[in-house]
Amino acid sequence: MRSMSAERDLAEELVRQQDRIVNLGMAEAVRIGESAQRLALRAWRKGHSDPAEVFRLKLMDVVPTLRDAMITAYLKGRLVIPTGLKLSEPQTVFGKSKQALERQLELQDQVIAHVAATYHAEAVTVFEQTGMLAAANVTEVMAAIHAEGLHVREAKKRLIDSFIGFTKANAYVAERVFRTQIQIAYGAGRWMANQEKEVDEILWGYVYVTAHDSRVRPKHQGLDGTRLPKNDPFWKTSYPPNGINCRCQALEIFKGDEPDKPVRPPSVFETIQGAKRVQIGKGKNAVFMQTGGKKVRVKPGPDEGFAYNPGIALAV
(Lines give C-alpha, C1' and ligand atoms only; values in the text may rest on other atoms or scores of the structure.)
Protein backbone atom coordinates (compact mmCIF):
# COMPACT_ATOMS: atom_id res chain seq x y z
CA MET A 1 0.00 0.00 0.00
CA ARG A 2 1.34 3.44 -0.95
CA SER A 3 2.32 5.78 1.86
CA MET A 4 0.49 9.10 2.26
CA SER A 5 3.71 10.85 1.29
CA ALA A 6 3.92 8.85 -1.95
CA GLU A 7 0.28 9.66 -2.70
CA ARG A 8 0.93 13.36 -2.25
CA ASP A 9 3.99 13.20 -4.49
CA LEU A 10 1.99 11.47 -7.24
CA ALA A 11 -0.87 13.96 -6.91
CA GLU A 12 1.62 16.84 -7.22
CA GLU A 13 3.07 15.31 -10.38
CA LEU A 14 -0.39 15.02 -11.94
CA VAL A 15 -1.06 18.68 -11.13
CA ARG A 16 2.27 19.65 -12.71
CA GLN A 17 1.31 17.79 -15.88
CA GLN A 18 -1.97 19.68 -16.02
CA ASP A 19 -0.19 22.96 -15.28
CA ARG A 20 2.03 22.56 -18.33
CA ILE A 21 -1.07 22.43 -20.52
CA VAL A 22 -2.72 25.29 -18.61
CA ASN A 23 0.30 27.57 -18.93
CA LEU A 24 0.68 26.96 -22.64
CA GLY A 25 -3.00 27.62 -23.26
CA MET A 26 -3.02 30.71 -21.05
CA ALA A 27 -0.12 32.25 -22.96
CA GLU A 28 -2.06 31.93 -26.22
CA ALA A 29 -5.25 33.25 -24.61
CA VAL A 30 -3.40 36.30 -23.29
CA ARG A 31 -1.91 36.95 -26.73
CA ILE A 32 -5.43 36.96 -28.19
CA GLY A 33 -6.71 39.00 -25.25
CA GLU A 34 -4.09 41.68 -25.84
CA SER A 35 -5.11 41.79 -29.49
CA ALA A 36 -8.78 42.06 -28.49
CA GLN A 37 -7.94 44.98 -26.24
CA ARG A 38 -6.12 46.82 -29.04
CA LEU A 39 -9.02 46.30 -31.45
CA ALA A 40 -11.57 47.46 -28.89
CA LEU A 41 -9.56 50.61 -28.10
CA ARG A 42 -9.29 51.36 -31.82
CA ALA A 43 -13.06 50.95 -32.17
CA TRP A 44 -13.60 53.32 -29.24
CA ARG A 45 -11.27 55.99 -30.67
CA LYS A 46 -12.90 55.85 -34.10
CA GLY A 47 -16.42 55.53 -32.76
CA HIS A 48 -17.47 53.21 -35.61
CA SER A 49 -18.42 50.14 -33.55
CA ASP A 50 -19.15 48.95 -30.02
CA PRO A 51 -15.83 48.26 -28.18
CA ALA A 52 -17.53 45.69 -25.95
CA GLU A 53 -18.78 43.69 -28.94
CA VAL A 54 -15.40 43.96 -30.69
CA PHE A 55 -13.71 42.61 -27.55
CA ARG A 56 -16.25 39.77 -27.17
CA LEU A 57 -15.98 38.62 -30.78
CA LYS A 58 -12.16 38.61 -30.74
CA LEU A 59 -12.11 36.52 -27.55
CA MET A 60 -13.92 33.77 -29.48
CA ASP A 61 -10.59 33.23 -31.28
CA VAL A 62 -9.47 31.46 -28.09
CA VAL A 63 -11.97 28.64 -28.73
CA PRO A 64 -9.63 26.45 -30.88
CA THR A 65 -6.86 26.75 -28.29
CA LEU A 66 -9.15 25.80 -25.40
CA ARG A 67 -10.59 22.93 -27.46
CA ASP A 68 -7.15 21.53 -28.25
CA ALA A 69 -5.97 22.06 -24.68
CA MET A 70 -8.93 20.00 -23.45
CA ILE A 71 -8.29 17.29 -26.03
CA THR A 72 -4.63 17.15 -24.99
CA ALA A 73 -5.59 16.94 -21.31
CA TYR A 74 -8.16 14.23 -22.05
CA LEU A 75 -5.65 12.17 -24.03
CA LYS A 76 -2.97 12.53 -21.36
CA GLY A 77 -5.53 11.41 -18.79
CA ARG A 78 -6.23 8.32 -20.90
CA LEU A 79 -2.64 7.19 -20.29
CA VAL A 80 -3.73 6.16 -16.76
CA ILE A 81 -0.29 6.68 -15.23
CA PRO A 82 0.79 9.68 -17.36
CA THR A 83 4.38 9.67 -18.53
CA GLY A 84 5.02 13.42 -18.66
CA LEU A 85 5.35 13.81 -22.42
CA LYS A 86 6.70 17.24 -23.26
CA LEU A 87 4.32 19.60 -25.02
CA SER A 88 5.37 20.92 -28.40
CA GLU A 89 4.76 24.15 -30.26
CA PRO A 90 1.91 25.24 -32.65
CA GLN A 91 -0.35 24.37 -35.17
CA THR A 92 -2.52 25.57 -32.47
CA VAL A 93 0.03 25.35 -29.69
CA PHE A 94 -1.17 21.83 -28.86
CA GLY A 95 -1.05 20.25 -32.31
CA LYS A 96 2.07 18.09 -32.06
CA SER A 97 1.32 17.06 -28.50
CA LYS A 98 -2.12 15.79 -29.53
CA GLN A 99 -0.61 13.79 -32.40
CA ALA A 100 1.96 12.14 -30.13
CA LEU A 101 -0.68 11.17 -27.60
CA GLU A 102 -3.05 9.85 -30.27
CA ARG A 103 -0.32 7.60 -31.63
CA GLN A 104 0.59 6.34 -28.17
CA LEU A 105 -3.04 5.54 -27.38
CA GLU A 106 -3.77 4.19 -30.89
CA LEU A 107 -7.30 5.58 -30.75
CA GLN A 108 -9.46 5.16 -33.83
CA ASP A 109 -10.06 8.19 -36.08
CA GLN A 110 -13.76 8.28 -35.27
CA VAL A 111 -13.00 8.33 -31.54
CA ILE A 112 -10.62 11.28 -31.97
CA ALA A 113 -13.24 13.08 -34.09
CA HIS A 114 -15.85 12.49 -31.40
CA VAL A 115 -13.50 13.80 -28.69
CA ALA A 116 -12.77 16.89 -30.80
CA ALA A 117 -16.46 17.57 -31.42
CA THR A 118 -17.30 17.17 -27.73
CA TYR A 119 -14.63 19.57 -26.53
CA HIS A 120 -15.16 22.06 -29.36
CA ALA A 121 -18.78 22.42 -28.25
CA GLU A 122 -17.65 22.78 -24.65
CA ALA A 123 -15.07 25.44 -25.58
CA VAL A 124 -17.64 27.42 -27.58
CA THR A 125 -20.08 27.37 -24.66
CA VAL A 126 -17.42 28.44 -22.18
CA PHE A 127 -16.24 31.37 -24.29
CA GLU A 128 -19.72 32.48 -25.24
CA GLN A 129 -20.44 32.83 -21.52
CA THR A 130 -17.02 34.29 -20.71
CA GLY A 131 -17.20 36.74 -23.62
CA MET A 132 -20.63 37.99 -22.59
CA LEU A 133 -19.44 38.63 -19.03
CA ALA A 134 -16.32 40.42 -20.30
CA ALA A 135 -18.38 42.53 -22.71
CA ALA A 136 -20.85 43.43 -19.96
CA ASN A 137 -17.97 44.73 -17.86
CA VAL A 138 -16.70 46.87 -20.75
CA THR A 139 -20.23 48.17 -21.43
CA GLU A 140 -20.63 49.13 -17.76
CA VAL A 141 -17.36 51.05 -17.81
CA MET A 142 -18.31 52.77 -21.07
CA ALA A 143 -21.56 53.94 -19.47
CA ALA A 144 -19.64 55.32 -16.48
CA ILE A 145 -17.22 57.15 -18.79
CA HIS A 146 -20.10 58.91 -20.55
CA ALA A 147 -21.98 59.63 -17.32
CA GLU A 148 -18.92 61.17 -15.67
CA GLY A 149 -17.82 63.05 -18.79
CA LEU A 150 -14.23 61.90 -18.37
CA HIS A 151 -11.31 63.44 -20.26
CA VAL A 152 -9.97 61.25 -23.09
CA ARG A 153 -6.83 60.28 -21.17
CA GLU A 154 -8.72 59.23 -18.05
CA ALA A 155 -11.42 57.56 -20.15
CA LYS A 156 -8.80 55.46 -21.98
CA LYS A 157 -7.21 54.39 -18.70
CA ARG A 158 -10.59 53.40 -17.29
CA LEU A 159 -11.43 51.47 -20.47
CA ILE A 160 -8.08 49.63 -20.45
CA ASP A 161 -8.75 48.58 -16.86
CA SER A 162 -12.06 47.05 -18.00
CA PHE A 163 -10.20 44.46 -20.09
CA ILE A 164 -8.71 42.70 -17.06
CA GLY A 165 -8.68 38.95 -17.10
CA PHE A 166 -7.10 38.37 -20.51
CA THR A 167 -4.04 40.64 -20.49
CA LYS A 168 -0.44 40.26 -19.35
CA ALA A 169 -1.11 42.66 -16.50
CA ASN A 170 -3.97 40.51 -15.20
CA ALA A 171 -4.87 37.15 -16.72
CA TYR A 172 -6.99 35.74 -13.90
CA VAL A 173 -10.01 34.94 -16.11
CA ALA A 174 -7.87 33.14 -18.69
CA GLU A 175 -6.20 31.16 -15.90
CA ARG A 176 -9.49 30.25 -14.25
CA VAL A 177 -11.05 29.13 -17.54
CA PHE A 178 -8.08 27.07 -18.71
CA ARG A 179 -7.26 25.54 -15.33
CA THR A 180 -10.83 24.46 -14.66
CA GLN A 181 -11.53 23.10 -18.16
CA ILE A 182 -8.18 21.29 -18.35
CA GLN A 183 -8.85 19.64 -14.99
CA ILE A 184 -12.31 18.54 -16.14
CA ALA A 185 -10.97 17.06 -19.39
CA TYR A 186 -8.01 15.42 -17.64
CA GLY A 187 -10.33 13.87 -15.04
CA ALA A 188 -12.58 12.58 -17.82
CA GLY A 189 -9.60 10.96 -19.53
CA ARG A 190 -8.40 9.31 -16.34
CA TRP A 191 -11.88 7.94 -15.65
CA MET A 192 -12.25 6.55 -19.17
CA ALA A 193 -8.81 4.92 -19.04
CA ASN A 194 -9.93 3.01 -15.97
CA GLN A 195 -12.99 1.67 -17.79
CA GLU A 196 -10.74 -0.30 -20.17
CA LYS A 197 -11.16 -4.01 -19.51
CA GLU A 198 -7.47 -4.60 -18.73
CA VAL A 199 -7.43 -1.81 -16.14
CA ASP A 200 -10.89 -2.38 -14.70
CA GLU A 201 -10.02 -6.01 -13.92
CA ILE A 202 -7.25 -4.97 -11.51
CA LEU A 203 -8.71 -1.70 -10.21
CA TRP A 204 -10.16 -1.75 -6.69
CA GLY A 205 -11.03 1.92 -6.30
CA TYR A 206 -9.62 5.38 -5.60
CA VAL A 207 -8.15 7.55 -2.89
CA TYR A 208 -9.00 11.28 -2.80
CA VAL A 209 -5.91 13.49 -2.39
CA THR A 210 -5.86 17.27 -2.06
CA ALA A 211 -2.95 19.63 -2.80
CA HIS A 212 -2.30 19.92 0.97
CA ASP A 213 -1.69 23.66 1.05
CA SER A 214 -3.44 26.79 2.29
CA ARG A 215 -5.37 27.19 -0.98
CA VAL A 216 -7.38 23.98 -0.50
CA ARG A 217 -10.94 24.90 0.44
CA PRO A 218 -12.32 23.34 3.65
CA LYS A 219 -15.05 21.35 1.84
CA HIS A 220 -12.34 19.58 -0.15
CA GLN A 221 -10.02 19.19 2.85
CA GLY A 222 -12.72 17.08 4.41
CA LEU A 223 -12.59 14.66 1.45
CA ASP A 224 -8.83 14.10 1.69
CA GLY A 225 -7.92 10.47 2.38
CA THR A 226 -11.30 9.07 1.31
CA ARG A 227 -10.70 5.50 0.06
CA LEU A 228 -13.65 3.82 -1.60
CA PRO A 229 -14.31 1.08 -4.19
CA LYS A 230 -14.58 2.16 -7.83
CA ASN A 231 -18.35 1.56 -7.98
CA ASP A 232 -19.18 3.48 -4.80
CA PRO A 233 -21.79 6.23 -5.45
CA PHE A 234 -19.35 8.76 -3.92
CA TRP A 235 -17.36 8.85 -7.18
CA LYS A 236 -20.45 9.77 -9.21
CA THR A 237 -20.64 13.14 -7.45
CA SER A 238 -17.21 13.78 -5.95
CA TYR A 239 -14.66 12.60 -8.52
CA PRO A 240 -12.39 15.66 -8.99
CA PRO A 241 -12.25 18.41 -9.98
CA ASN A 242 -14.83 19.56 -7.47
CA GLY A 243 -14.77 23.29 -8.11
CA ILE A 244 -13.23 26.13 -10.09
CA ASN A 245 -9.42 25.84 -9.98
CA CYS A 246 -9.69 22.63 -7.92
CA ARG A 247 -6.38 20.72 -7.88
CA CYS A 248 -7.62 17.61 -6.07
CA GLN A 249 -6.83 14.21 -7.58
CA ALA A 250 -8.37 10.73 -7.43
CA LEU A 251 -5.53 8.21 -7.41
CA GLU A 252 -6.09 4.61 -8.43
CA ILE A 253 -5.93 1.85 -5.83
CA PHE A 254 -5.28 -1.51 -7.44
CA LYS A 255 -6.27 -4.90 -6.10
CA GLY A 256 -3.78 -6.08 -3.53
CA ASP A 257 -3.26 -2.53 -2.25
CA GLU A 258 -6.82 -1.94 -1.05
CA PRO A 259 -7.35 -0.80 2.56
CA ASP A 260 -8.58 -3.20 5.22
CA LYS A 261 -11.86 -1.31 5.10
CA PRO A 262 -13.15 1.63 3.05
CA VAL A 263 -12.59 5.14 4.43
CA ARG A 264 -15.51 7.54 4.04
CA PRO A 265 -15.36 11.31 4.52
CA PRO A 266 -16.79 12.71 7.77
CA SER A 267 -20.31 14.15 7.77
CA VAL A 268 -18.87 17.37 9.23
CA PHE A 269 -15.30 18.63 8.89
CA GLU A 270 -13.72 21.15 11.24
CA THR A 271 -10.65 23.19 10.34
CA ILE A 272 -8.94 26.54 10.84
CA GLN A 273 -9.44 28.98 7.97
CA GLY A 274 -7.23 31.99 7.29
CA ALA A 275 -4.37 30.87 9.57
CA LYS A 276 -0.83 32.08 8.92
CA ARG A 277 2.10 29.64 8.65
CA VAL A 278 4.99 30.73 10.85
CA GLN A 279 8.52 29.29 10.83
CA ILE A 280 10.38 28.94 14.12
CA GLY A 281 14.10 28.20 13.84
CA LYS A 282 16.21 27.54 10.77
CA GLY A 283 17.44 24.64 8.65
CA LYS A 284 16.82 21.12 9.91
CA ASN A 285 15.67 22.47 13.27
CA ALA A 286 12.90 24.58 11.73
CA VAL A 287 9.40 24.04 13.07
CA PHE A 288 6.28 25.33 11.30
CA MET A 289 3.19 26.40 13.21
CA GLN A 290 -0.16 27.92 12.28
CA THR A 291 -1.35 31.04 14.07
CA GLY A 292 -4.57 33.02 13.92
CA GLY A 293 -7.46 32.16 11.66
CA LYS A 294 -10.94 31.08 12.65
CA LYS A 295 -12.53 27.71 13.25
CA VAL A 296 -15.03 26.63 10.58
CA ARG A 297 -17.31 23.61 10.28
CA VAL A 298 -18.36 22.45 6.82
CA LYS A 299 -19.98 19.48 5.13
CA PRO A 300 -17.30 17.91 2.88
CA GLY A 301 -18.21 17.70 -0.78
CA PRO A 302 -18.02 19.35 -4.19
CA ASP A 303 -18.70 23.04 -4.80
CA GLU A 304 -22.04 24.12 -6.23
CA GLY A 305 -22.35 23.03 -9.86
CA PHE A 306 -19.61 20.40 -9.59
CA ALA A 307 -21.50 17.46 -8.07
CA TYR A 308 -20.87 15.19 -11.04
CA ASN A 309 -18.23 12.87 -12.43
CA PRO A 310 -16.50 14.56 -15.42
CA GLY A 311 -15.70 11.16 -16.88
CA ILE A 312 -19.34 10.05 -16.92
CA ALA A 313 -20.63 13.48 -17.99
CA LEU A 314 -18.06 14.46 -20.62
CA ALA A 315 -16.02 11.43 -21.59
CA VAL A 316 -16.43 9.88 -25.02
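**Entry 1. Aromatic rings**

I looked up Phe 234 and found a relative accessibility of 11%, so I entered the residue as buried. I note at the outset that the model is predicted.

I then turned to Trp 235, which counts as buried because its relative accessibility is 0%.

I asked how many aromatic pairs the structure holds. I recorded ten.

The next pair I examined was Phe 127 with Phe 166, whose rings are tilted, at 6.0 Å centre to centre and 50° between the planes. I located Phe 127 in helix H5 (residues 109–148) and Phe 166 in the loop between helix H6 (152–161) and helix H7 (172–193), so this pair ties together parts that are 39 residues apart in sequence. I checked the exposure of each residue: Phe 127 counts as buried at 0% relative accessibility, and Phe 166 counts as buried at 2%.

I returned to Phe 234 and Trp 235, which form a pair with each other. I entered this pair as edge-to-face, with 4.7 Å centre to centre and 85° between the planes. I also noted that Phe 234 and Trp 235 belong to a cluster linked by ring pairs, together with Trp 191, Tyr 206 and Tyr 239.

**Entry 2. Salt bridges**

I obtained a count of 20 salt bridges. I looked at several of them individually.

I began with Asp 19 and Arg 179, whose closest N and O atoms are 2.5 Å apart. Which helices hold the two partners? I placed Asp 19 in helix H1 and Arg 179 in helix H7, so the salt bridge ties together parts that are 160 residues apart in sequence. I recorded Asp 19 as partly exposed, at 22% relative accessibility. Arg 179, by contrast, counts as buried, at 9%.

I next examined Glu 252, which forms a salt bridge with Arg 190, the closest N and O atoms being 2.6 Å apart. I found that this pair links distant parts of the chain, with Glu 252 in strand E3 (residues 249–254) and Arg 190 in helix H7, 62 residues apart. Are these partners buried or exposed? I entered Glu 252 as buried, with 2% relative accessibility, and Arg 190 as buried, with a relative accessible area of 3%.

I then took a pair within one helix. I found that the side chains of Glu 53 and Arg 56 meet in a salt bridge of 2.7 Å, N to O. I placed both residues in helix H2 (residues 51–59), three residues apart, which is about one turn of the helix. I recorded Glu 53 as partly exposed, its relative accessibility being 32%.

I also noted a network of salt bridges that links Glu 13, Arg 16 and Arg 20.

**Entry 3. Surface charge**

I looked for charge on the surface and found a patch of positive charge, in which Arg 38, Arg 42, Arg 45, Lys 46, Lys 156 and Lys 168 gather. Which helix gives the most to the positive patch? I recorded helix H1 (residues 4–46), with four residues.

I chose Lys 46 for a closer look and placed this residue in helix H1. I entered Lys 46 as exposed because its relative accessible area is 56%, above the cut-off of 50%.

Terms used. Residues are numbered from 1 along each chain as its sequence is written. This is a predicted model: local features need pLDDT of at least 70, side-chain atom pairs count only at pLDDT 80 or more; totals for chains, interfaces and linings use all residues. Side-chain values use heavy atoms; hydrogens and water are left out. Patches are made of residues with over 30% relative accessible area and no salt bridge: like charges are joined within 9 Å, nonpolar side chains (Val, Leu, Ile, Met, Phe, Trp, Tyr) within 5 Å. Accessible areas come from the Shrake-Rupley method with a 1.4 Å probe; for residues, only the protein chains shown count as cover. A salt bridge is a side-chain nitrogen of Lys or Arg within 4 Å of a carboxyl oxygen of Asp or Glu. Lys and Arg count as positive and Asp and Glu as negative; His and the chain ends are not counted. The place of a charge is taken as NZ of Lys, CZ of Arg, CG of Asp or CD of Glu. Helices (H or I, at least four residues) and strands (E, at least two) are DSSP runs, numbered from the N terminus. Buried means under 20% relative accessible area, exposed over 50%, partly exposed in between (1.4 Å probe, protein chains only). Rings of Phe, Tyr and Trp (its six-membered ring) pair if their centres lie within 6.5 Å; planes under 30 degrees apart count as stacked, over 60 as edge-to-face and the rest as tilted.
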